[in-house]
Amino acid sequence: MMKRFALSMRKWPLFYRFLCVILSFVILESLVIFVNLTHGGDRGIATILLLSGILAAWLLKPIKAFAIDICFLVCFITIHILLNGYSFVVPYAISIGVVTDLLAVWCFVTLIKAMDAIRELSQVKEQFLANINHEMRTPLMGVMGHLELLEETDASEEQRELLRHANYCGKELERLINNILCAAPVDVPPPHIQTFQLRQAVHDGLNCINVLGCQVHIDVDLDIIVSADRAQVCQVVRNLVSNAIKYAGEKPVLVSGWKRESGEAVVCIQDRGPGIPAELLPSLFQKFSRLAYADGPARGIGLGLYICKRFVENMRGRIWVESSGVEGEGSAFCFTLPCAL
Amino acid sequence: MAKVVFCEDEKMMQELIRRFLRPHEIHIASDGVEGLKMIERTRPDVILLDISMPRCDGFELARALKANPSLANIPIIFITGFGQKDDEKESAKYSSFYLMKPFGAYDLRTIISMILLKSTGGTI
(Lines give C-alpha, C1' and ligand atoms only; values in the text may rest on other atoms or scores of the structure.)
Protein backbone atom coordinates (compact mmCIF):
# COMPACT_ATOMS: atom_id res chain seq x y z
CA MET A 1 0.00 0.00 0.00
CA MET A 2 2.71 2.46 1.06
CA LYS A 3 4.84 1.38 -1.86
CA ARG A 4 2.02 2.02 -4.31
CA PHE A 5 1.45 5.43 -2.73
CA ALA A 6 5.15 6.31 -3.01
CA LEU A 7 5.16 5.19 -6.65
CA SER A 8 2.14 7.31 -7.57
CA MET A 9 3.74 10.23 -5.72
CA ARG A 10 6.79 9.76 -7.87
CA LYS A 11 4.65 9.70 -11.00
CA TRP A 12 2.72 12.91 -10.34
CA PRO A 13 4.95 15.02 -8.04
CA LEU A 14 3.23 18.29 -9.00
CA PHE A 15 -0.21 16.91 -8.26
CA TYR A 16 0.88 15.76 -4.79
CA ARG A 17 2.66 19.00 -4.11
CA PHE A 18 -0.53 20.85 -4.96
CA LEU A 19 -2.58 18.48 -2.80
CA CYS A 20 -0.20 19.01 0.16
CA VAL A 21 -0.41 22.75 -0.20
CA ILE A 22 -4.21 22.74 -0.38
CA LEU A 23 -4.45 20.44 2.63
CA SER A 24 -2.05 22.54 4.69
CA PHE A 25 -3.94 25.64 3.64
CA VAL A 26 -7.28 24.22 4.78
CA ILE A 27 -5.90 22.99 8.11
CA LEU A 28 -4.01 26.17 8.94
CA GLU A 29 -6.73 28.50 7.77
CA SER A 30 -9.20 26.83 10.13
CA LEU A 31 -6.60 27.13 12.90
CA VAL A 32 -6.21 30.85 12.24
CA ILE A 33 -9.96 31.41 12.25
CA PHE A 34 -10.18 29.43 15.50
CA VAL A 35 -7.45 31.56 17.12
CA ASN A 36 -9.18 34.72 15.91
CA LEU A 37 -12.51 33.66 17.37
CA THR A 38 -11.21 32.57 20.76
CA HIS A 39 -8.46 35.12 21.33
CA GLY A 40 -9.86 37.95 19.18
CA GLY A 41 -7.58 40.78 20.15
CA ASP A 42 -5.03 38.96 22.32
CA ARG A 43 -1.70 40.58 21.38
CA GLY A 44 0.37 38.20 23.54
CA ILE A 45 -0.61 34.90 21.88
CA ALA A 46 -0.48 36.43 18.42
CA THR A 47 3.05 37.75 18.98
CA ILE A 48 4.33 34.44 20.38
CA LEU A 49 2.86 32.52 17.44
CA LEU A 50 4.29 35.03 15.00
CA LEU A 51 7.77 34.88 16.51
CA SER A 52 7.84 31.07 16.74
CA GLY A 53 6.60 30.90 13.14
CA ILE A 54 9.38 33.18 11.94
CA LEU A 55 11.98 31.21 13.91
CA ALA A 56 10.78 27.88 12.51
CA ALA A 57 10.63 29.27 8.98
CA TRP A 58 14.17 30.59 9.35
CA LEU A 59 15.40 27.21 10.59
CA LEU A 60 13.73 25.38 7.72
CA LYS A 61 14.50 27.79 4.90
CA PRO A 62 14.97 25.86 1.65
CA ILE A 63 16.24 28.73 -0.45
CA LYS A 64 15.83 27.14 -3.83
CA ALA A 65 12.11 26.59 -3.39
CA PHE A 66 11.69 30.30 -2.73
CA ALA A 67 10.49 31.34 -6.18
CA ILE A 68 7.67 28.79 -6.16
CA ASP A 69 6.69 29.79 -2.65
CA ILE A 70 6.40 33.47 -3.51
CA CYS A 71 3.68 32.52 -6.00
CA PHE A 72 1.87 30.45 -3.39
CA LEU A 73 2.29 33.26 -0.88
CA VAL A 74 0.61 35.80 -3.14
CA CYS A 75 -2.31 33.39 -3.65
CA PHE A 76 -2.55 32.77 0.10
CA ILE A 77 -2.64 36.41 1.05
CA THR A 78 -5.37 37.04 -1.50
CA ILE A 79 -7.46 34.06 -0.39
CA HIS A 80 -6.86 34.92 3.24
CA ILE A 81 -8.16 38.45 2.77
CA LEU A 82 -11.10 37.19 0.76
CA LEU A 83 -12.01 34.66 3.46
CA ASN A 84 -11.43 36.74 6.59
CA GLY A 85 -11.88 40.28 5.34
CA TYR A 86 -9.85 43.35 6.36
CA SER A 87 -12.25 44.38 9.07
CA PHE A 88 -12.35 41.00 10.85
CA VAL A 89 -8.65 40.31 10.84
CA VAL A 90 -6.34 42.43 12.90
CA PRO A 91 -2.85 42.81 11.39
CA TYR A 92 -1.41 40.22 13.80
CA ALA A 93 -3.76 37.54 12.59
CA ILE A 94 -2.88 38.20 8.98
CA SER A 95 0.78 37.86 9.88
CA ILE A 96 0.15 34.64 11.80
CA GLY A 97 -1.87 33.22 8.93
CA VAL A 98 0.70 34.14 6.34
CA VAL A 99 3.67 32.95 8.34
CA THR A 100 2.09 29.65 9.28
CA ASP A 101 0.93 29.09 5.71
CA LEU A 102 4.38 29.88 4.44
CA LEU A 103 5.91 27.65 7.05
CA ALA A 104 3.65 24.79 6.06
CA VAL A 105 4.46 25.23 2.38
CA TRP A 106 8.12 25.30 3.21
CA CYS A 107 7.84 22.11 5.25
CA PHE A 108 6.08 20.27 2.43
CA VAL A 109 8.44 21.62 -0.18
CA THR A 110 11.37 20.45 1.91
CA LEU A 111 9.77 17.03 2.22
CA ILE A 112 9.15 16.75 -1.51
CA LYS A 113 12.66 17.96 -2.26
CA ALA A 114 14.06 15.32 0.07
CA MET A 115 12.07 12.68 -1.78
CA ASP A 116 13.36 13.96 -5.11
CA ALA A 117 16.89 13.77 -3.76
CA ILE A 118 16.32 10.18 -2.66
CA ARG A 119 14.95 9.28 -6.08
CA GLU A 120 17.94 10.87 -7.78
CA LEU A 121 20.30 8.96 -5.50
CA SER A 122 18.56 5.73 -6.35
CA GLN A 123 18.90 6.48 -10.06
CA VAL A 124 22.59 7.17 -9.58
CA LYS A 125 22.89 3.84 -7.78
CA GLU A 126 21.17 2.01 -10.63
CA GLN A 127 23.37 3.64 -13.23
CA PHE A 128 26.41 2.82 -11.15
CA LEU A 129 25.40 -0.83 -10.87
CA ALA A 130 24.73 -1.02 -14.61
CA ASN A 131 28.16 0.45 -15.28
CA ILE A 132 30.06 -1.91 -13.03
CA ASN A 133 28.15 -4.72 -14.59
CA HIS A 134 29.34 -3.73 -18.00
CA GLU A 135 32.87 -3.31 -16.79
CA MET A 136 32.87 -6.73 -15.15
CA ARG A 137 31.40 -8.57 -18.10
CA THR A 138 34.23 -7.88 -20.52
CA PRO A 139 37.04 -9.35 -18.39
CA LEU A 140 34.75 -12.23 -17.41
CA MET A 141 34.16 -12.88 -21.09
CA GLY A 142 37.94 -12.98 -21.53
CA VAL A 143 38.35 -15.55 -18.76
CA MET A 144 35.47 -17.77 -19.88
CA GLY A 145 36.31 -17.51 -23.57
CA HIS A 146 39.92 -18.47 -23.13
CA LEU A 147 38.92 -21.37 -20.87
CA GLU A 148 36.62 -22.62 -23.59
CA LEU A 149 39.42 -22.36 -26.14
CA LEU A 150 41.75 -24.21 -23.77
CA GLU A 151 39.22 -27.03 -23.53
CA GLU A 152 39.43 -27.40 -27.29
CA THR A 153 43.18 -28.09 -27.15
CA ASP A 154 44.39 -31.62 -26.36
CA ALA A 155 44.62 -31.23 -22.62
CA SER A 156 45.23 -34.15 -20.28
CA GLU A 157 42.44 -35.55 -18.14
CA GLU A 158 43.76 -33.72 -15.07
CA GLN A 159 43.97 -30.43 -16.95
CA ARG A 160 40.41 -30.92 -18.15
CA GLU A 161 39.25 -31.42 -14.59
CA LEU A 162 40.93 -28.15 -13.57
CA LEU A 163 39.35 -26.39 -16.52
CA ARG A 164 35.92 -27.64 -15.48
CA HIS A 165 36.43 -26.17 -12.01
CA ALA A 166 37.56 -22.83 -13.42
CA ASN A 167 34.56 -22.86 -15.75
CA TYR A 168 32.21 -23.52 -12.87
CA CYS A 169 33.61 -20.54 -10.97
CA GLY A 170 33.20 -18.36 -14.04
CA LYS A 171 29.57 -19.43 -14.34
CA GLU A 172 28.97 -18.61 -10.69
CA LEU A 173 30.47 -15.16 -11.16
CA GLU A 174 28.23 -14.61 -14.17
CA ARG A 175 25.22 -15.63 -12.09
CA LEU A 176 26.07 -13.10 -9.38
CA ILE A 177 26.56 -10.35 -11.93
CA ASN A 178 23.19 -11.17 -13.49
CA ASN A 179 21.55 -11.10 -10.06
CA ILE A 180 22.93 -7.65 -9.28
CA LEU A 181 21.80 -6.35 -12.64
CA CYS A 182 18.28 -7.70 -12.22
CA ALA A 183 17.85 -6.40 -8.70
CA ALA A 184 18.96 -2.88 -9.53
CA PRO A 185 16.04 -1.33 -11.40
CA VAL A 186 12.99 -0.08 -9.55
CA ASP A 187 10.73 -1.15 -12.40
CA VAL A 188 10.91 -4.83 -13.23
CA PRO A 189 12.00 -5.48 -16.80
CA PRO A 190 9.15 -7.20 -18.67
CA PRO A 191 9.83 -10.81 -19.64
CA HIS A 192 10.54 -11.62 -23.25
CA ILE A 193 8.06 -14.48 -23.73
CA GLN A 194 9.11 -17.32 -26.03
CA THR A 195 8.02 -20.91 -26.51
CA PHE A 196 10.65 -23.50 -25.67
CA GLN A 197 11.29 -26.96 -24.27
CA LEU A 198 11.60 -26.74 -20.49
CA ARG A 199 14.03 -29.64 -20.21
CA GLN A 200 16.58 -28.06 -22.54
CA ALA A 201 16.39 -24.72 -20.70
CA VAL A 202 16.96 -26.45 -17.35
CA HIS A 203 19.98 -28.27 -18.80
CA ASP A 204 21.36 -24.99 -20.18
CA GLY A 205 20.80 -23.22 -16.88
CA LEU A 206 22.73 -25.92 -15.07
CA ASN A 207 25.63 -26.03 -17.52
CA CYS A 208 28.92 -26.97 -15.73
CA ILE A 209 27.26 -27.24 -12.32
CA ASN A 210 28.35 -30.81 -11.56
CA VAL A 211 31.84 -30.22 -10.25
CA LEU A 212 33.46 -30.17 -6.83
CA GLY A 213 31.66 -33.28 -5.73
CA CYS A 214 28.09 -32.03 -6.08
CA GLN A 215 25.52 -34.30 -7.59
CA VAL A 216 22.68 -32.61 -9.39
CA HIS A 217 20.20 -35.02 -10.96
CA ILE A 218 17.88 -33.65 -13.58
CA ASP A 219 14.58 -35.38 -14.20
CA VAL A 220 12.38 -33.09 -16.26
CA ASP A 221 9.71 -34.58 -18.54
CA LEU A 222 10.58 -34.29 -22.21
CA ASP A 223 7.20 -33.18 -23.49
CA ILE A 224 6.85 -29.90 -21.55
CA ILE A 225 6.78 -26.85 -23.79
CA VAL A 226 6.37 -23.61 -21.83
CA SER A 227 5.86 -20.02 -22.85
CA ALA A 228 8.16 -17.88 -20.70
CA ASP A 229 11.41 -15.94 -20.86
CA ARG A 230 14.08 -18.55 -21.53
CA ALA A 231 16.99 -16.56 -20.08
CA GLN A 232 15.01 -15.82 -16.93
CA VAL A 233 14.01 -19.47 -16.48
CA CYS A 234 17.68 -20.48 -16.79
CA GLN A 235 18.60 -17.88 -14.18
CA VAL A 236 15.85 -18.98 -11.78
CA VAL A 237 16.87 -22.65 -12.02
CA ARG A 238 20.54 -21.82 -11.59
CA ASN A 239 19.87 -19.59 -8.57
CA LEU A 240 17.75 -22.25 -6.88
CA VAL A 241 20.20 -25.08 -7.58
CA SER A 242 23.19 -23.00 -6.46
CA ASN A 243 21.38 -22.34 -3.19
CA ALA A 244 20.60 -26.01 -2.77
CA ILE A 245 24.25 -26.91 -3.30
CA LYS A 246 25.40 -24.23 -0.87
CA TYR A 247 23.24 -25.62 1.90
CA ALA A 248 23.18 -29.32 1.06
CA GLY A 249 26.92 -29.71 0.47
CA GLU A 250 27.71 -33.02 -1.17
CA LYS A 251 24.29 -34.58 -0.69
CA PRO A 252 22.39 -35.05 -3.96
CA VAL A 253 20.10 -32.34 -5.34
CA LEU A 254 17.16 -33.37 -7.49
CA VAL A 255 15.66 -31.12 -10.16
CA SER A 256 12.33 -32.51 -11.30
CA GLY A 257 9.77 -31.12 -13.69
CA TRP A 258 6.30 -32.29 -14.65
CA LYS A 259 3.08 -31.05 -16.13
CA ARG A 260 -0.07 -30.60 -14.09
CA GLU A 261 -3.52 -31.34 -15.46
CA SER A 262 -4.39 -27.66 -15.01
CA GLY A 263 -1.97 -26.87 -17.85
CA GLU A 264 0.95 -25.50 -15.90
CA ALA A 265 4.44 -26.86 -15.60
CA VAL A 266 6.00 -27.35 -12.17
CA VAL A 267 9.73 -27.43 -11.48
CA CYS A 268 10.97 -28.53 -8.05
CA ILE A 269 14.49 -28.30 -6.72
CA GLN A 270 14.87 -30.66 -3.79
CA ASP A 271 17.84 -31.00 -1.49
CA ARG A 272 18.74 -33.16 1.50
CA GLY A 273 20.25 -30.31 3.48
CA PRO A 274 19.46 -29.04 6.97
CA GLY A 275 16.08 -27.59 6.02
CA ILE A 276 14.75 -24.15 6.92
CA PRO A 277 13.18 -23.26 10.29
CA ALA A 278 9.49 -22.37 9.96
CA GLU A 279 9.92 -18.85 11.37
CA LEU A 280 12.32 -17.90 8.56
CA LEU A 281 10.09 -19.08 5.71
CA PRO A 282 8.01 -15.89 5.26
CA SER A 283 11.01 -13.57 4.83
CA LEU A 284 12.91 -15.89 2.53
CA PHE A 285 11.96 -14.22 -0.76
CA GLN A 286 12.67 -10.70 0.43
CA LYS A 287 15.52 -8.57 -0.86
CA PHE A 288 18.83 -9.05 0.99
CA SER A 289 17.46 -11.87 3.14
CA ARG A 290 20.15 -14.43 3.86
CA LEU A 291 20.17 -17.59 5.92
CA ALA A 292 22.92 -18.40 8.36
CA TYR A 293 24.53 -21.79 7.92
CA ALA A 294 24.58 -24.31 10.71
CA ASP A 295 28.35 -24.04 10.87
CA GLY A 296 28.98 -20.39 10.13
CA PRO A 297 27.74 -16.99 9.04
CA ALA A 298 25.45 -16.21 6.11
CA ARG A 299 27.02 -15.99 2.69
CA GLY A 300 25.92 -14.53 -0.62
CA ILE A 301 24.31 -11.20 -1.33
CA GLY A 302 20.72 -12.16 -0.62
CA LEU A 303 19.35 -11.41 -4.04
CA GLY A 304 18.89 -14.88 -5.56
CA LEU A 305 15.46 -15.81 -4.21
CA TYR A 306 14.16 -12.26 -4.49
CA ILE A 307 14.96 -12.28 -8.20
CA CYS A 308 13.50 -15.75 -8.66
CA LYS A 309 10.22 -14.56 -7.19
CA ARG A 310 10.10 -11.46 -9.35
CA PHE A 311 10.92 -13.35 -12.52
CA VAL A 312 8.49 -16.19 -11.91
CA GLU A 313 5.61 -13.90 -11.01
CA ASN A 314 6.27 -11.78 -14.07
CA MET A 315 5.95 -14.88 -16.20
CA ARG A 316 2.54 -15.57 -14.63
CA GLY A 317 3.88 -18.32 -12.38
CA ARG A 318 4.10 -18.91 -8.65
CA ILE A 319 7.07 -19.79 -6.46
CA TRP A 320 7.05 -21.34 -3.02
CA VAL A 321 9.13 -23.34 -0.60
CA GLU A 322 8.34 -26.48 1.32
CA SER A 323 10.50 -27.30 4.29
CA SER A 324 9.77 -29.19 7.47
CA GLY A 325 12.84 -27.76 9.17
CA VAL A 326 13.86 -31.27 10.19
CA GLU A 327 17.53 -32.10 9.77
CA GLY A 328 18.14 -34.34 6.77
CA GLU A 329 14.72 -33.87 5.24
CA GLY A 330 15.90 -30.81 3.39
CA SER A 331 13.76 -28.33 1.54
CA ALA A 332 12.06 -28.09 -1.82
CA PHE A 333 11.79 -24.90 -3.86
CA CYS A 334 9.11 -25.15 -6.53
CA PHE A 335 7.81 -22.83 -9.20
CA THR A 336 5.21 -23.01 -11.91
CA LEU A 337 5.23 -21.74 -15.48
CA PRO A 338 2.40 -21.57 -17.99
CA CYS A 339 2.54 -24.31 -20.64
CA ALA A 340 2.37 -23.38 -24.29
CA LEU A 341 0.55 -26.55 -25.39
CA MET B 1 34.30 -20.35 -44.54
CA ALA B 2 32.77 -16.95 -44.03
CA LYS B 3 34.11 -13.44 -44.27
CA VAL B 4 33.46 -11.60 -41.00
CA VAL B 5 34.03 -7.97 -40.01
CA PHE B 6 34.31 -7.41 -36.27
CA CYS B 7 34.15 -3.90 -34.76
CA GLU B 8 35.39 -3.68 -31.18
CA ASP B 9 37.69 -1.30 -29.36
CA GLU B 10 39.01 -3.73 -26.77
CA LYS B 11 42.21 -5.54 -27.78
CA MET B 12 41.50 -8.58 -25.63
CA MET B 13 38.06 -9.11 -27.19
CA GLN B 14 39.51 -8.71 -30.68
CA GLU B 15 42.01 -11.49 -30.06
CA LEU B 16 39.45 -13.72 -28.37
CA ILE B 17 36.91 -13.45 -31.18
CA ARG B 18 39.65 -14.00 -33.76
CA ARG B 19 40.42 -17.28 -32.03
CA PHE B 20 36.73 -18.16 -31.61
CA LEU B 21 36.16 -17.81 -35.32
CA ARG B 22 39.18 -19.60 -36.64
CA PRO B 23 39.33 -20.62 -39.54
CA HIS B 24 36.85 -18.00 -40.81
CA GLU B 25 38.34 -14.95 -42.49
CA ILE B 26 38.06 -12.14 -39.93
CA HIS B 27 38.77 -8.43 -40.36
CA ILE B 28 38.97 -6.31 -37.23
CA ALA B 29 38.16 -2.60 -36.89
CA SER B 30 38.62 -0.74 -33.62
CA ASP B 31 35.78 1.76 -34.01
CA GLY B 32 32.61 2.41 -35.97
CA VAL B 33 34.07 4.80 -38.56
CA GLU B 34 36.90 2.44 -39.42
CA GLY B 35 34.38 -0.42 -39.39
CA LEU B 36 32.14 1.21 -42.00
CA LYS B 37 35.10 1.74 -44.35
CA MET B 38 36.20 -1.85 -43.85
CA ILE B 39 32.70 -3.17 -44.52
CA GLU B 40 32.45 -1.15 -47.73
CA ARG B 41 35.80 -2.49 -48.86
CA THR B 42 35.52 -6.15 -47.90
CA ARG B 43 31.77 -6.85 -48.31
CA PRO B 44 31.60 -9.46 -45.51
CA ASP B 45 29.03 -12.26 -45.05
CA VAL B 46 28.45 -11.36 -41.39
CA ILE B 47 29.12 -8.25 -39.30
CA LEU B 48 29.86 -8.42 -35.56
CA LEU B 49 29.30 -5.14 -33.77
CA ASP B 50 30.09 -4.15 -30.23
CA ILE B 51 27.40 -1.70 -29.10
CA SER B 52 29.63 0.64 -27.11
CA MET B 53 32.52 1.89 -29.21
CA PRO B 54 34.33 5.22 -29.50
CA ARG B 55 33.52 7.68 -32.31
CA CYS B 56 30.49 5.84 -33.72
CA ASP B 57 28.66 3.20 -31.68
CA GLY B 58 27.19 -0.07 -32.91
CA PHE B 59 23.67 1.23 -33.48
CA GLU B 60 24.87 4.30 -35.40
CA LEU B 61 26.95 2.06 -37.62
CA ALA B 62 23.95 -0.24 -38.14
CA ARG B 63 21.81 2.74 -39.18
CA ALA B 64 24.48 3.82 -41.65
CA LEU B 65 24.57 0.30 -43.08
CA LYS B 66 20.78 0.10 -43.44
CA ALA B 67 20.83 3.41 -45.31
CA ASN B 68 23.14 1.97 -47.92
CA PRO B 69 21.20 -0.46 -50.17
CA SER B 70 24.23 -2.51 -51.16
CA LEU B 71 25.13 -3.17 -47.50
CA ALA B 72 21.65 -3.28 -45.97
CA ASN B 73 21.23 -7.04 -46.31
CA ILE B 74 24.37 -8.16 -44.51
CA PRO B 75 23.32 -9.88 -41.25
CA ILE B 76 24.50 -8.17 -38.06
CA ILE B 77 25.33 -9.71 -34.69
CA PHE B 78 25.33 -7.20 -31.84
CA ILE B 79 27.52 -7.75 -28.80
CA THR B 80 26.79 -5.99 -25.54
CA GLY B 81 27.98 -6.02 -21.98
CA PHE B 82 25.08 -4.08 -20.53
CA GLY B 83 22.47 -6.79 -20.75
CA GLN B 84 19.68 -4.24 -20.85
CA LYS B 85 16.38 -4.82 -22.52
CA ASP B 86 16.64 -1.49 -24.36
CA ASP B 87 19.65 -2.73 -26.27
CA GLU B 88 17.81 -5.89 -27.18
CA LYS B 89 14.80 -3.96 -28.46
CA GLU B 90 16.98 -1.55 -30.38
CA SER B 91 18.94 -4.37 -32.01
CA ALA B 92 15.69 -6.12 -32.98
CA LYS B 93 14.99 -3.14 -35.26
CA TYR B 94 17.83 -4.22 -37.51
CA SER B 95 16.50 -7.79 -37.73
CA SER B 96 19.75 -8.90 -36.26
CA PHE B 97 21.17 -11.21 -33.60
CA TYR B 98 22.12 -10.23 -30.10
CA LEU B 99 24.75 -11.72 -27.81
CA MET B 100 25.36 -10.70 -24.23
CA LYS B 101 28.82 -11.00 -22.69
CA PRO B 102 30.00 -13.46 -21.57
CA PHE B 103 29.07 -15.77 -24.41
CA GLY B 104 30.92 -18.88 -25.54
CA ALA B 105 32.65 -19.84 -28.77
CA TYR B 106 29.89 -22.37 -29.30
CA ASP B 107 27.13 -19.73 -29.23
CA LEU B 108 28.89 -17.50 -31.72
CA ARG B 109 29.82 -20.34 -34.06
CA THR B 110 26.25 -21.67 -34.01
CA ILE B 111 24.80 -18.29 -34.99
CA ILE B 112 27.32 -17.80 -37.77
CA SER B 113 26.74 -21.25 -39.24
CA MET B 114 22.98 -20.58 -39.07
CA ILE B 115 23.45 -17.35 -41.00
CA LEU B 116 25.65 -19.03 -43.60
CA LEU B 117 23.17 -21.86 -44.02
CA LYS B 118 20.36 -19.37 -44.56
CA SER B 119 22.31 -17.26 -47.03
CA THR B 120 23.15 -20.34 -49.13
CA GLY B 121 19.45 -21.14 -49.41
CA GLY B 122 19.12 -23.79 -46.70
CA THR B 123 16.53 -23.70 -43.95
CA ILE B 124 17.26 -23.33 -40.28
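In this predicted model, B:His24 lies in the loop that connects helix 1 (11-20) to strand 2 (25-29) of chain B. Its relative accessibility is 22%, and B:His24 therefore counts as partly exposed. Beyond residues up to four places away in sequence, B:His24 touches B:Met1, B:Ala2, B:Val4, B:Ile112 and B:Leu116. One of these partners, B:Val4, is 20 residues from B:His24 in sequence, with a C-alpha to C-alpha separation of 7.2 Å.

**Helix 8 of chain A**

Helix 8 of chain A spans residues 230-248. Its 19 residues reach 27 Å from the first C-alpha to the last, close to the 27 Å expected at 1.5 Å a residue. At the start of the helix, a side-chain oxygen of A:Asp229 comes to within 3.1 Å of the backbone nitrogen of A:Ala231. After the helix comes A:Gly249, which has a positive phi near 65 degrees. The helix is mostly covered, with 15 of its 19 residues buried.

**Nonpolar cores**

The largest nonpolar core contains 44 residues, of which A:Leu198, A:Val241, A:Ile269 and A:Phe335 touch the most other members. Helix 8 of chain A supplies the largest share of this core, eight residues. The surroundings of A:Ile269 can be listed in detail: not counting residues up to four places away in sequence, A:Ile269 touches A:Leu240, A:Val241, A:Ala244, A:Val253, A:Leu254, A:Val255, A:Ser331, A:Ala332, A:Phe333 and A:Phe335. A second, separate core has 24 residues, including B:Leu16, B:Ile111, B:Ile112 and B:Ile115. In soluble globular proteins, nonpolar side chains tend to be buried together.

**A:Glu264 and its partners**

A:Glu264 belongs to strand 5 (residues 264-270) of chain A. A:Glu264 counts as buried because its relative accessible area is 19%, under the 20% limit. Two arginine side chains meet this residue. With A:Arg260, the side chain of A:Glu264 forms a salt bridge at 2.9 Å, N to O; with the side chain of A:Arg318, the side chain of A:Glu264 makes a polar contact at 3.2 Å. A:Arg260 is partly exposed, with a relative accessible area of 31%. Leaving aside neighbours within four places in sequence, A:Glu264 is in contact with A:Trp258, A:Lys259, A:Arg318, A:Thr336, A:Leu337 and A:Cys339.

**Salt bridges**

Over all chains, the count comes to twelve salt bridges. Three of them are tabulated here with their N to O distances.

| Acidic residue | Basic residue | Closest N and O atoms |
|---|---|---|
| A:Glu157 | A:Arg164 | 3.8 Å |
| A:Asp204 | A:Arg230 | 3.1 Å |
| A:Glu264 | A:Arg260 | 2.9 Å |

The pair A:Asp204 and A:Arg230 links distant parts of the chain, 26 residues apart: A:Asp204 is in helix 7 (residues 198-205) of chain A, and A:Arg230 is in helix 8 of chain A. A:Asp204 counts as partly exposed at 36% relative accessibility, and A:Arg230 counts as partly exposed at 23%.

For the pair formed by A:Arg164 and A:Glu157, A:Arg164 is partly exposed at 35% relative accessibility, whereas A:Glu157 is exposed at 57%. Salt bridges with shared partners join A:Glu157, A:Glu161 and A:Arg164 into one network.

Note on methods
Residues numbered from 1 in each chain as written. Chains lettered and ligands numbered in written order. Predicted model: local features only at pLDDT ≥ 70, side-chain atom pairs only at ≥ 80, totals over all residues. Heavy atoms only, no water. Helix = DSSP H or I, 4+ residues; strand = E, 2+ residues; numbered from the N terminus. Expected span 1.5 Å × (residues − 1). Buried < 20%, exposed > 50% of the residue type's maximum accessible area, 1.4 Å probe, protein only. Polar contact = N/O pair within 3.5 Å; in protein donor to acceptor, adjacent residues only side chain to side chain. Core = buried A, V, L, I, M, F, W, Y, C linked by side-chain atoms within 4.5 Å. Contact = heavy atoms within 4.5 Å. Salt bridge = Lys/Arg side-chain N within 4 Å of Asp/Glu carboxyl O.
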